[in-house]
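User: Please go through the terms applied to this model and set each value against its definition.

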Amino acid sequence: MRNVWCGPVAIDVLAGTDPTEFSVEASDDTLGTVDRRSLVPEFDHLVVDTGLWKFGRSTAIPMGMVARVDAEHRVITLLCTKEQVKGAPRFARDQDTNDPAYLTRLGSYYAGILTP
C-alpha cells in the first residue's frame, strides 16, 4: 500500500528544492499553486492556494498524493481529481496544518482514495 504521507516521486525530485509557487494539477484539471511544503514529522504535505474555485481557500495535500514532479516546468501532478481535493477535510486555521488530529482525518480521507 502506498503511504499517503510519503511520496517517493516527490521526495526524490523535491529534495533540496523549494516547491513554493509550483503549479499543482489534479489528474483532471489545474488546482492552483503551492503556498508551502509542511514537513511535519510523519505528515509531510503541501499547502496549496486553490484560488477562486474554493473561494480563495487553501487546502492541504499529503505528499503521497503526488504522481510526478516536473521541476524544470515547476509543475506537480496529483493522483486524485479536482473534485476529490474539494471533498477533503478543510482546515479552519492555518495552525491546523500542524495539528495531528486534523492531519489524521486528512490522511484517512486520502488513503480512501488510494485504496477504494
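Analyst: Two strands count as paired if DSSP finds at least two bridges between them. The model is predicted: local features need a pLDDT of at least 70 and side-chain atom pairs a pLDDT of 80 or more, whereas totals for chains, interfaces and linings use all residues. Residues are numbered from 1 along each chain as its sequence is written, and side-chain values use heavy atoms, with hydrogens and water left out.

User: What makes β3 and β4 a pair, and how do they run?

Analyst: Strand β3 (residues 43–49) is joined to β4 by 5 bridges, and the definition asks for at least two, so the strands pair. They run antiparallel. Within this pairing, His45 stands opposite Pro62 in β4, and Val47 has Ala60 as its bridge partner in β4.

User: How do you know that β2 and β3 pair?

Analyst: Between β2 and β3 there are 7 bridges, and the two strands run antiparallel. The requirement of at least two bridges is met, so β2 and β3 are paired. Leu39 stands opposite Asp44 in β3. The two strands form a hairpin with 2 residues between them, and Glu42 in the turn has a positive phi of about 70 degrees.

User: Why are β4 and β5 called edge strands?

Analyst: The open sheet has 6 strands in the order β4-β3-β2-β1-β6-β5, with mixed pairing. Strands β4 (58–62) and β5 (66–70) are the edge strands, as each pairs on one side only. From one strand to the next, the twist averages 35 degrees.

User: Which elements does the protein have, and in what order do they run?

Analyst: Helices are DSSP runs of H or I with at least four residues, and strands are runs of E with at least two, numbered from the N terminus. The protein has 3 helices and 6 strands, in the order α-β-β-β-β-β-β-α-α from the N terminus on. Helix α3 (residues 100–114) lies across β2 (30–40), β3 and β4, and runs at about 65 degrees to β4.

User: Why is β3 said to be largely enclosed?

Analyst: Buried means under 20% relative accessible area, exposed means over 50%, and partly exposed lies in between (1.4 Å probe, protein chains only). Of the 7 residues of β3, 6 are buried, so the strand is largely enclosed by the rest of the structure. In the protein of 116 residues, 43% are buried.

User: What makes the pair of Asp94 and Arg36 a salt bridge?

Analyst: The definition is a side-chain nitrogen of Lys or Arg within 4 Å of a carboxyl oxygen of Asp or Glu. The closest N and O atoms of Asp94 and Arg36 are 2.9 Å apart, which satisfies that limit. Asp94 lies in the loop between α2 (82–86) and α3, while Arg36 lies in strand β2, so the pair ties together parts that are 58 residues apart in sequence. Asp94, at 43% relative accessibility, is partly exposed, and Arg36 is also partly exposed, with 22%. Asp35, Arg36 and Asp94 are linked in a network of salt bridges. The structure holds 6 salt bridges.

User: Is Asp44, which forms a salt bridge with Arg37, buried or exposed?

Analyst: Asp44 has 12% relative accessibility, which is under the 20% limit, so Asp44 is buried. Arg37, at 22%, counts as partly exposed. Their side chains meet at 2.6 Å, N to O, which lies within the limit for a salt bridge.

User: How do Glu83 and Lys86 lie in helix α2, and what makes them a salt bridge?

Analyst: Both residues belong to helix α2 and are 3 residues apart, about one turn of the helix. Their closest N and O atoms are 3.5 Å apart, so the pair falls within the definition. Glu83 is exposed, with a relative accessible area of 53%, whereas Lys86, at 31%, is partly exposed.

User: Which element of the protein has the lowest mean pLDDT, and which the highest?

Analyst: The pLDDT is the predictor's confidence in each residue, from 0 to 100. Helix α1 (residues 8–14) has the lowest mean among the elements, 60, and strand β1 (residues 23–25) has the highest, 95. Where pLDDT is low, the predicted coordinates should not be read in detail. The protein averages 86, and 85% of the residues score at least 70.

Notes
Axes are lines fitted to C-alpha atoms, for helices over the stretch in contact, and angles run from 0 to 180 degrees between N-to-C directions. Contact means heavy atoms within 4.5 Å.
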